[in-house]
Structures are given as structure tokens and as C-alpha cells.
Number of protein chains: 2
Amino acid sequence: MEIVEVGPRDGLQNEKRVLPTAVKVEYVRRAIGAGLRRIEVAAFARPDRVPQMADAEDVLRAVPRSSAVRYVALVMNERGLERALALGDARPDEINYVVVASDEFSRRNQGVTTMESLAAFRAVAQRARDAGFFVTLTVAAAFGCPFTGEVPVSRVRQIVQQSGPLDELCLADTIGVGVPVQVAELAAAVRGVAPLRAHFHNTRNTGYANAMAAVDAGFVALDSSLGGIGGCPFAPAATGNVATEDLAYLLNRSGLKTGVAVPAAAEAGAWIGAELGLEAVAAQLGRAGDFPAVAN
Amino acid sequence: MEIVEVGPRDGLQNEKRVLPTAVKVEYVRRAIGAGLRRIEVAAFARPDRVPQMADAEDVLRAVPRSSAVRYVALVMNERGLERALALGDARPDEINYVVVASDEFSRRNQGVTTMESLAAFRAVAQRARDAGFFVTLTVAAAFGCPFTGEVPVSRVRQIVQQSGPLDELCLADTIGVGVPVQVAELAAAVRGVAPLRAHFHNTRNTGYANAMAAVDAGFVALDSSLGGIGGCPFAPAATGNVATEDLAYLLNRSGLKTGVAVPAAAEAGAWIGAELGLEAVAAQLGRAGDFPAVAN
């Protein structure tokens, strides 16, 4: 089971403290040291809107390169793709685009309806694939919308059917409301379109159960962030990603090979928490400790 | 799916601050108000060893009684059973006894080996059943031991085979190391002995995934505590039970009837956290909020 480290992008983007480029690069180095091989490191967003991602180019130029490690960048439009292309040898390996499942959330997030965003994606995806990028689409709020409530499975299927060619499809529980039965139902509804990745937030303590349901439903990859960063555990509606170290513990001990070393991941999680000035990270393995005889 | 509220016993017993009897009784009242109908309220332990449980008799005399609500008490030996019997009309409905799966942990916890403890249980269980109690046995550390590591499934089966008659068997992940595949394997190994209950701690963020695995494996009941109390989230090796409000959210939204109202449970969890002087409880529903259209 592949774990995709999204802490340097989705995690940091939702933390208040803006980190220097060098700290972000060290976060990526530590992720690689813990065994992660696919890492979302940047978003090509407007710096005034997303200050934490203002140094996207600098991060991509500075992270260590090897054939074993793939970097992902979030692209929101043609302008973002152009920034990715302009990086030359320092460009990311993958482009991830997010479409929000409900119109209301999509309008608030991107200023357009879901289908308008999807039309923009098709154009970006075509160009990106022509340029040799691995292109993934994330359907955000696929498990529920904070403004309109339930998101029907049929709605997600309708979006996916109009996505055009994809290298991978990610179903995201952006606000952490999903439960395992939804994972199975959504997987059944979109099966065959592309290999499936899942993205869970542990906002209501269902994230790890959902991850196991994704394993059972044939998903090939799971997003997580070292430390489970991305939302303060003391704020209302904390919204951190599932934590890489805790997810790796769960999967490794379940006999699934992730390649992630739990102790090194837990150290990296604690380290980024300290860099962010957090009293404690949401991840629990750093405090509780690995359990003996766990194979990677 | 039945949720057994264990906060007033297992939860409080692992919290530093000793609460007045009246607060414990109010905790029980709030649990009942949230829809819980089976509640572990006391342990008959030595007051010098377990100060939080020193008022076991007072709690049992003060909690509201109705035919809809069943109270459980932990009994550790003949002396404990005698205390239960001496309560007359105020006696608990159920007796729960704990045997620890590994000899090392059993000796440290109870001063005897697992099989010595089991022999004592058989004598207590016989008397308790004759006196009309519903008798349950909890196998602690069934998913792993903090001193000796892995606990083989065969060891748990061996214990259960020598337990004598039981009304219910509980498999407990006392130190929160278990994963879903263990739930399935243990259930298969002991099936048919008695109806199964499971007891999870969320120490490594596997508790809720394990709870779903228990549903799939045919367990009929799950232990949890309002607020997820029982271990400080900031202490090393925090050991709280899975939280009742979060478990009820997961099960209710999965279409399983628990009878527990998530908002009332979340309020009760936050309340007991405040009574214990905790900055925050481990339960997340109180912060994140229920999600629309959830049926009980």
C-alpha cells in the first residue's frame, strides 16, 4: 500500500505559522529518510491567497532529486501549470488538481461551479499529460459538504465520468465526516475510471477506519501527513490529515508493506510539530511508541 | 450495536483527579441522558490501591435505577463479590472480571499468573451466576503485552477454553496496540464460547478501525467512555478508551443503531473533561460537531 506524504503541502497550508523554505526542504528530507517516496511538496497558488505556498518554486528547486522519489504539486489553473513547466528540470513529477464535489463549496473555494472547475481541469490535464506529467484529480468533499450536507454518490460518479483521462483519481474527505461504508460505496461507483487514491482527515476519529476500508475496497494509495499536521487539535473543527506515522503503524502491523519506518516517521512528525510551534501533534505514535515485532 | 459506557469505571480509574461521588453519579445520569443503557459504574477494589473507586458502594446506591438500565461492576476476587452481594437492592446487574493474557502482566497487575487468576475467576463466576448476576470475563492485553510483546492467538484461545461458563466474553486491547486483522483472528479463535464484546483504547489511533472490524467479526457490544477519558492526551503513552461520542458517530453514520445521541454524548464528554480539569478531551465530536442527517 502506497502512502503519499502530503504534509509539506496540505498539512502546512492549513497551519498558521509560515515556515522558511529551508525548513520545508528539511521536512521533505526527513520524509524521505522515513521511507516515503511520493511527496506533495508545493501548490502553485496566488501568494497573497496562500502565503505558506509562496515559495513553491524555491522548494521544488531545493528538494533532493532521485529516481526513487516522486514530487507532486497542486495546480489550480493554466497559470499554475505554466509555473510548473517553467521550472524545467526542477519541475514536479505529478500534477494534482482539486475539484470540489458540491457547487456551494466549489464557489466559495474556487469561485466557480463544480462543472466549470472540471472543464478547466480537462484543459489543464490535456496540456499536462502532453508535457509528460502524471496527472491526478482529487474530488474534494466527496464524503460530505460543510455547507450543503450529504453529497450523493451519484454526484461523485457524475463528476468522475466527465473528468477526461486521468492517471489516478483521489476521493477526499476534506472535512472529515466520512465513514467506511461510504468508502466502499464510492469505490464501487467510480471503479475502472483510474487507480484510486484516498485522502482522509481525522476530524471525527473516522480517518483510520476509513483508511482500512480503502484498503479493502482496492484503493492503491493513501494520503497522510507526518505529525498529522494541518489543523490545531485545540481549535474547533480541527482538520488535520491522518498522520503518516499512525497510518504506517496501522498498515505495517496489518501486514501491508508501506516501506515507511514508524520510528523515523514519528520523529519527523514530532520535529515538524516543534517547527510549527505546536504543543503536541495529532499523531499518537510519537508519544505511544511503536509496538515490537512490527515489520515494514 | 450495543455501546457499553465504561467511563465511570475504566475511564475515571486512570485519571489523576479523584471525583466526589455526586459528580460520578451525575456522569452516569448524563450517560443515560445520551442514550446509554449499560454502564460500568464501579470496581470493588482495595481503596488504598484504587482511590478513585473507594466509593463503589455509594455510587451504586446513588445511581438512578430503572429496568432499562443495567449497571456493571468490576470484581477482582471473592471479597469483591461479597461487597456486591452485600448491596442488596443496590447491587450491580453485572459482574465483570479481568484476567490478563500474559503471565508477566498478570503478575504485575494481580500478583498471580494468568491461570491462577482464571482459577479464581471460575470460583467467583460460579457463585455470581448462582446469585443471579450476568457474568462477563474480560481478557486484558489480548492484542499485545507491554512487557512481553506479542500475545499469540492460541494463548487467548487457551484462556477462554478454561474460563468455564460465561454470559459474555470481552477481548480487550488494554494498551492500544491492536489492528483490525487481529480482531478478526481473535474472533475466529474464540467464536461460540459466548457472545463477544470488545474493548479498545485509541493509544495508537487504531481503536476506531478496530471497532469497525469488531462489527464485521460479529461482536455484539463495544466498550467506550464519554470524552474518551482514561489517559491524558499529553502524557506519554496516553491510554484513553475509544470515546463514546466518536464511536456513536461512526456507528450511527454507518447505519448501525446504537441508541446514543451524538450531541448529548459529546456534551457529556466535554462536561466530564472539565470536571477532571482536562484542557481538552480525546473525543473529537465535541469540537468538530455532528454531521447532518445522522440517524441514531
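A charge sits over a ring if NZ of Lys or CZ of Arg is within 6 Å of the ring centre and within 35 degrees of the ring normal. B:R108 fits this description: B:R108 lies over the face of B:F147, at 3.9 Å from the ring centre. B:R70 is placed in a like way over the face of B:F134, with 4.6 Å to the ring centre. The model is predicted.

**Aromatic pairs**

Over all chains, the structure holds six aromatic pairs. Two of them, in chain B, are described here.

The rings of B:Y97 and B:F121 have their centres 5.1 Å apart. Their planes stand at 45 degrees, so the pair is tilted. The angle falls between the limits, because planes under 30 degrees apart count as stacked and those over 60 as edge-to-face. B:Y97 belongs to strand β4 (residues 94-100) of chain B, and B:F121 to helix α6 (residues 114-130) of chain B. The pair therefore ties together parts that are 24 residues apart in sequence.

B:F143 and B:F200 pair with ring centres 5.8 Å apart. Their planes are at 65 degrees, so this pair is edge-to-face. B:F143 sits in the loop between β5 (134-140) and α7 (153-161) of chain B. B:F200 lies in strand β7 (residues 196-200) of chain B. The pair links distant parts of the chain, 57 residues apart.

Are the ring residues of these pairs buried or exposed? Each of the four is buried, as the table shows.

| Residue | Relative accessible area |
|---|---|
| B:Y97 | 3% |
| B:F121 | 1% |
| B:F143 | 1% |
| B:F200 | 1% |

**A buried aspartate in chain A**

A:D10 lies in helix α1 (residues 7-13) of chain A. Its relative accessible area is 8%. A:D10 counts as buried because that value is under 20%. Leaving aside residues up to four places away in sequence, A:D10 touches A:E40, A:H199, A:H201 and A:N241.

**How the copies are related**

Two copies of a chain are related by a rotation about an axis and a shift along it. Here, a turn of 180 degrees and a shift of 0.0 Å along the axis lay chain B on chain A, with an RMSD of 0.0 Å. The two copies are thus related as by a two-fold rotation axis.

Which residue of chain B comes closest to the rotation axis? B:A209 does, with its C-alpha at 1.9 Å.

The interface follows. Of the interface residues of chain B, 100% are also interface residues in chain A. The copies therefore meet through the same surface.

Terms used. Residues numbered from 1 in each chain as written. Chains lettered and ligands numbered in written order. Predicted model: local features only at pLDDT ≥ 70, side-chain atom pairs only at ≥ 80, totals over all residues. Heavy atoms only, no water. Helix = DSSP H or I, 4+ residues; strand = E, 2+ residues; numbered from the N terminus. Buried < 20%, exposed > 50% of the residue type's maximum accessible area, 1.4 Å probe, protein only. Contact = heavy atoms within 4.5 Å. Phe/Tyr/Trp six-rings, centres within 6.5 Å; stacked < 30°, edge-to-face > 60°. Least-squares fit on C-alpha atoms with pLDDT ≥ 70 in both.
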